[in-house]
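User: Could you take a close look at one part of this model for me, the strands and what packs against them? I'd like one connected walk-through rather than a list.

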Amino acid sequence: MKVVAVTSCATGIAHTYMAAEAIMKVCKERGYKCKVEKQGALGLEDKLRDRDIKEADLIVFANDVGLAKAERFEPYKDKIFQTKPHEVIKDPNIIFSGK
């Protein structure tokens with residue numbers, strides 16, 4: 001399984017990176033490929049390529065604020081799981097609850 005995610009929080013600091021780490025860790029534990037784009041105080045980091053998004057089996061949005069360049073994901077709405085950063089930090093397995 002291929003998972004891509006975008007994390008962001010209101011301040012763009014701690015929860016953005018903690019959520020990204022939680023998602024990467026749970027994917028690694030399950031043997032899934034994973035890429036995470038962080039949208040924080042430093043801007044877009046590890047920006048997902050169009051190919052990454054297209055090939056993903058699951059797209060995770062863990063955000064408290066609007067996403068930059070959200071239109072990239074429009075064609076893939078059926079693959080999106082929406083959550084909050086603190087929720088995925090608390091229990092990263094929730095991203096697989098609908099899969």
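Analyst: Let's start with a pair of glycines: Gly 40 has Gly 43, in β3, as its bridge partner. Keep in mind that this is a predicted model. The two strands involved, β2 and β3, run antiparallel to each other and share 3 bridges.

Now zoom out to the whole sheet. It is open, has 5 strands and reads β3-β2-β1-β4-β5 across, with mixed pairing. That leaves β3 (43–45) and β5 at the edges, each with pairing on one side only. From one strand to the next, the twist averages 15 degrees. Against this sheet packs α1, which touches β1, β2, β3 and β4, and its direction is at about 175 degrees to that of β2.

What fills the inside? The largest nonpolar core counts 15 residues, and Ile 23, Val 60, Ile 95 and Phe 96 have the most contacts inside it. At least two of its residues come from each of β1 (2–8), α1 (14–30) and β4 (58–63). The top contributor is α1, with 5 residues. That fits a familiar pattern: nonpolar side chains in soluble globular proteins tend to be buried together. Ile 95 is a good place to click: leaving aside residues up to four places away in sequence, it touches Ile 23, Val 26, Leu 58, Val 60, Phe 81 and Val 88. There is also another core, apart from that one, with 10 residues, including Val 6, Leu 48, Leu 67 and Phe 73.

Some of those names come back when you look at the rings. The structure has 2 aromatic pairs. In one of them, Tyr 32 and Phe 96 have ring centres 5.4 Å apart and planes at 70 degrees, so the pair is edge-to-face. It joins distant stretches, 64 residues apart: Tyr 32 belongs to the loop between α1 and β2 (33–40), while Phe 96 belongs to the segment after α3 (85–90). How do the two partners compare in exposure? Tyr 32 has a relative accessible area of 26%, so it is partly exposed. Phe 96, on the other hand, is at 7% and therefore counts as buried.

The other pair is Phe 61 with Phe 73, also edge-to-face, at 5.0 Å between centres and 85 degrees between planes. Because Phe 61 is in strand β4 and Phe 73 is in the loop between β4 and β5 (80–83), this pair ties together parts 12 residues apart in sequence. Both Phe 61 and Phe 73 are buried.

Before you leave the strands, have a look at the loops, where two backbone angles deserve a glance. Asp 46 is not a glycine, yet its phi is positive, near 55 degrees. You'll find Asp 46 in the loop between β3 and α2 (50–55), and at 51% relative accessible area it is exposed. Lys 69 also has a positive phi without being a glycine, near 60 degrees. Its home is the loop between β4 and β5, the loop that holds Phe 73. Lys 69 has a relative accessibility of 43%, so it counts as partly exposed, whereas its loop companion Phe 73 is buried.

Technical notes
Residues numbered from 1 in each chain as written. Predicted model: local features only at pLDDT ≥ 70, side-chain atom pairs only at ≥ 80, totals over all residues. Heavy atoms only, no water. Core = buried A, V, L, I, M, F, W, Y, C linked by side-chain atoms within 4.5 Å. Buried < 20%, exposed > 50% of the residue type's maximum accessible area, 1.4 Å probe, protein only. Helix = DSSP H or I, 4+ residues; strand = E, 2+ residues; numbered from the N terminus. Contact = heavy atoms within 4.5 Å. Phe/Tyr/Trp six-rings, centres within 6.5 Å; stacked < 30°, edge-to-face > 60°. Pairing = 2+ DSSP bridges. Axes fitted to C-alpha atoms, helices over the stretch in contact; angles between N-to-C directions.
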